[in-house]
Amino acid sequence: MGLQLTGIHHLTAITANAPGNLRFYTGTLGLRLVKKTVNQDDTSAYHLFYADAEATPGTDLTFFDWPVGRERRGTNSIVRTSLRVASPESLAWWKERLAGKTVATGEIGDVGGYPSLDFEDPEGQRLRLVSDGGKGDSHPWAQSPVPVEHQIRGLGPIVISVPDITNTETVLTRVMNMHKARDYASPDGQGQVHVFEMGAGGPAAELHVAVQPGLAPARQGAGAVHHVAFRAPDQETLHQWTARLAEFRLPSSGEVERYYFRSLYFREPNGILFEIATDGPGFTADEPLETLGERLALPPFLEPNRAAIEAGLKPLA
C-alpha cells in the first residue's frame, strides 16, 4: 500500500456573513462551534470551525469570513461538500427539518453509491447529506438542537470539478496513492464523476472528480470552497508527504505550523488547493473540551496582538 492518506481532514469554505453562518451551521445543522479563531494569514477575518462534540479530525467544516461577493460557479473548483448521517431515515428527517427552516432541498436519491440529499446554505454553499449506514465512531453533541440519532457524523465525499482529468488523476493515483474505485453520472447531467479512495476507503475517505469541460472556470467568493484537507496521522507521516511532493517536483508551501495541526499545501494540476494536515495536536491544545469555541482562541504567536485583533473583528451575535 505504501504511504496512505487516511481520509478527509477538514474542508474550508468562504462566508461573507459570519453571524448568519454561525446561526445556520449551529442552529439549523446542529454542529458544534469548536474553535473561534482568525485566519492566521489575514487576522482581520474570523476562521470558524464546526465539528462534532469532540472536534474529531474528519468532522471539521470551517469558514473564512471575507467581505466578498458571491462566487461564480464553474469548473477548476470544489463544487459540493458531503456531510455524513447514519441512515436513510435520517435523510427523511433532515428533508423535513430543512423544509421547516425554508431551506430548499433536492429529492432523496442514490448519488455515487450513497443515499443522498442535496441542499444549499443561505449563501449558496453546496452541501449534500449522505447516509454512511452508521459505520464507525461518532461523537454526538449533547447541546445540539438535532436529536442524537440524526446528527451529522462528519465529512463525507468531497466533489471537485475539472475540465480534464488526465493530469489530476496522475497526481491522485501516482503521487497521493489514491485508488480509482468506480464512476457514476453526475446528478446535474454534466459529465461523469470518478471516485478515488484513500486508505480504507468508504464515504469519509473519498474524493469525487467530476469531468466537466463545458463549464467556464469558477471564481471564488462567498458560497465557494477555499480548499480541502486530507488526513495524515502524525508529523512524521507529514514529513514523508513533504518529501514525496518534492520527489515528484510538485510545488508546495512546505510545512506550515497551524498550532492545532501541521499542514502542507499544494495545487492539483487544475489549480484546486489541496492540504495535507496532521490529526493532532487538535483543538484542545489551548482550550478544555467542555468550553471549545466559547472565546476567541489565538495561537501563541498571535496572542501578543490579541487586543488589536479583537478590535478589528465584528461581533458574531
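Buried, on this tour, means under 20% relative accessible area. Keep that cut-off handy, and keep in mind that you're looking at a predicted model.

**Stop 1: a pair of buried rings**

Select Phe230 and Phe274. Both are buried, so they pass the under-20% cut-off. Now look at how the two rings sit. Their centres are 5.2 Å apart and their planes make an angle of 85°, so this is an edge-to-face pair. Color the strands next: Phe230 belongs to strand β13 (residues 225-232) and Phe274 to strand β16 (residues 273-281), so the contact links distant parts of the chain, 44 residues apart.

Keep Phe274 on screen and add Phe266. These two rings also pair edge-to-face, with 5.9 Å from centre to centre and 90° between the planes. Phe266 and Phe274 are both buried. How many aromatic pairs does the count come to? Twelve.

**Stop 2: an aromatic cluster**

Select Phe49, Tyr259, Tyr260, Phe261 and Phe283. Together they make up one aromatic cluster. Leave Phe49 highlighted, since the next stop picks it up again.

**Stop 3: the β2-β3 hairpin**

Show residues 32-39, which are strand β2. Is this strand enclosed or open? Eight of its eight residues are buried, so β2 is largely enclosed by the rest of the structure. Now add residues 42-51, strand β3. The two strands run antiparallel and pair over seven bridges, and a hairpin of two residues joins β2 to β3. Click on Lys35 and look across: opposite it, in β3, stands Phe49, one of the members of the cluster you just left.

**Stop 4: a salt bridge between two strands**

Time for some charges. The structure holds 18 salt bridges. Start with Arg182 and Glu206, whose side chains meet at 3.3 Å, N to O. Arg182 sits in strand β10 (residues 179-185) and Glu206 in strand β12 (residues 206-211), so this salt bridge ties together parts that are 24 residues apart in sequence. Turn on the surface and compare the partners: Arg182 is partly exposed, at 29% relative accessibility, whereas Glu206 is buried, with a relative accessible area of 1%.

**Stop 5: Arg306 and its two partners**

Center the view on Arg306. Which residues does Arg306 bridge to here? One is Glu303, with the closest N and O atoms 2.5 Å apart. Another is Glu310, where the closest N and O atoms are 3.0 Å apart. Show helix α5 (residues 306-312) as a ribbon: Glu310 and Arg306 are four residues apart in this helix, which means about one helical turn separates them.

Check the surface here too. Arg306 counts as buried, at 13% relative accessibility. Its partners are partly exposed: Glu303 comes in at 33% and Glu310 at 38%.

**Stop 6: a salt-bridge network**

For the last selection, pick Glu71, Arg73, Glu120 and Arg126. Show their side chains together, because what you have here goes beyond an isolated couple: by the salt-bridge cut-off of 4 Å, these four residues are linked in a network.

Note on methods. Residues numbered from 1 in each chain as written. Predicted model: local features only at pLDDT ≥ 70, side-chain atom pairs only at ≥ 80, totals over all residues. Heavy atoms only, no water. Buried < 20%, exposed > 50% of the residue type's maximum accessible area, 1.4 Å probe, protein only. Phe/Tyr/Trp six-rings, centres within 6.5 Å; stacked < 30°, edge-to-face > 60°. Pairing = 2+ DSSP bridges.
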